[in-house]
Structures are given as structure tokens and as C-alpha cells.
Amino acid sequence: MTDFATAVNSLISFANLVIVPLIIAIAFLAFIWGVFQYFFLGATDTEKQAQGRSFVLWSIIALAVIFSVWGLVNVFLQTFGLA
């Protein structure tokens, strides 16, 4: 039983320290790319502006979902003493 608990704790720790920050970084880079497309590449092209606006919108939604799920998982882990 102790080996299973250790494995689960290692998996949770790996997800919290590596996977989630990597996903957040990717979503943030998508946000930065959208801002770049909107302001710099789409300065005169309305199609590029629309594409940049779409990137910004979806990356903000993705960041909100990621932070919400991450928070709910951590609340769940703290509630049941798994963290």
C-alpha cells in the first residue's frame, strides 16, 4: 500500500511541477502570438486582426479553464489529504 501511495504522490507531484506549468506556458505563448498578430502583423490586414483576436480570445479561455481545473484538483487533493 505504501508503494502505491508513493507512486500516486510522485505522479501528482510531477503533474503539478512539470505538466501543468508547461500547458500554462503554451497557452500564454498562444496569447502573446495572438497579440503580436493583432497589433503588428495585422496593422493593415483585417483578416490577420481577426485571426489574432481569435487567438487571444481562445488562449484567455484556455488559461481560465486550466487555472480553474488546477485549483479544483488541488482543493480536492487537500480535502481528501492526498497532497
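Reader: Why is Asn 74 called partly exposed?

Author: In this predicted model, Asn 74 has a relative accessible area of 26%. Buried means under 20%, and exposed means over 50%. The value of 26% falls in between, so Asn 74 counts as partly exposed.

Reader: Where does Asn 74 lie, and how far is its C-alpha atom from that of Asn 16?

Author: Asn 74 lies in helix α2. Its C-alpha atom is separated from that of Asn 16 by 9.2 Å. Along the chain, these two residues are 58 apart.

Reader: Is Gln 37 buried or exposed, and what makes it so?

Author: Gln 37 is buried. Its relative accessibility is 3%. The cut-off for buried is under 20%, so Gln 37 meets it.

Reader: Which residues does Gln 37 touch, leaving out those up to four places away in sequence?

Author: Gln 37 itself lies in helix α1. It touches Gly 42, Lys 48, Gln 51, Gly 52 and Phe 55. Each of these contacts rests on heavy atoms within 4.5 Å.

Reader: How many helices and strands does the protein chain have?

Author: The secondary structure comes to two helices and zero strands.

Reader: Why is the chain called more spread out than a compact globule?

Author: The radius of gyration is 18 Å. For 83 residues the globule rule gives 12 Å. The value is well over the rule, so the chain is more spread out than a compact globule. The C-alpha trace spans about 65 × 20 × 10 Å along its principal axes.

Reader: What share of the residues is buried, and what share of the accessible surface belongs to carbon and sulfur atoms?

Author: Buried residues make up 14% of the 83. The accessible surface comes to about 6,200 Å², with 77% of it from carbon and sulfur atoms.

Reader: What part of the contacts with a separation of 6 or more joins residues 24 or more positions apart?

Author: Such pairs account for 51% of those contacts.

Reader: Which elements give two or more residues to the lining of the largest pocket?

Author: The largest pocket holds about 200 Å³ of space. Its lining includes Ile 12, Ala 15, Asn 16, Ile 66 and Trp 70. The elements that give two or more residues are α1 (2-41) and α2 (46-79).

Reader: How do the lining residues divide into nonpolar, polar and charged?

Author: Nine are nonpolar, one is polar and none is charged. Asn 16 is in the lining, and Asn is outside the nonpolar and charged lists, so Asn 16 counts as polar.

Technical notes:
Residues numbered from 1 in each chain as written. Predicted model: local features only at pLDDT ≥ 70, side-chain atom pairs only at ≥ 80, totals over all residues. Heavy atoms only, no water. Helix = DSSP H or I, 4+ residues; strand = E, 2+ residues; numbered from the N terminus. Rg over C-alpha atoms; globule rule 2.2 N^0.38 Å. Buried < 20%, exposed > 50% of the residue type's maximum accessible area, 1.4 Å probe, protein only. Areas by Shrake-Rupley, 256 points an atom, 1.4 Å probe, with all protein chains shown as cover. 1 Å grid on protein atoms, 1.4 Å probe; cavity = no way out; pocket = protein on both sides within 12 Å on 5 of 7 lines; lining within 4 Å. Points joined across faces, edges and corners; volume = space filled by probe spheres on them.
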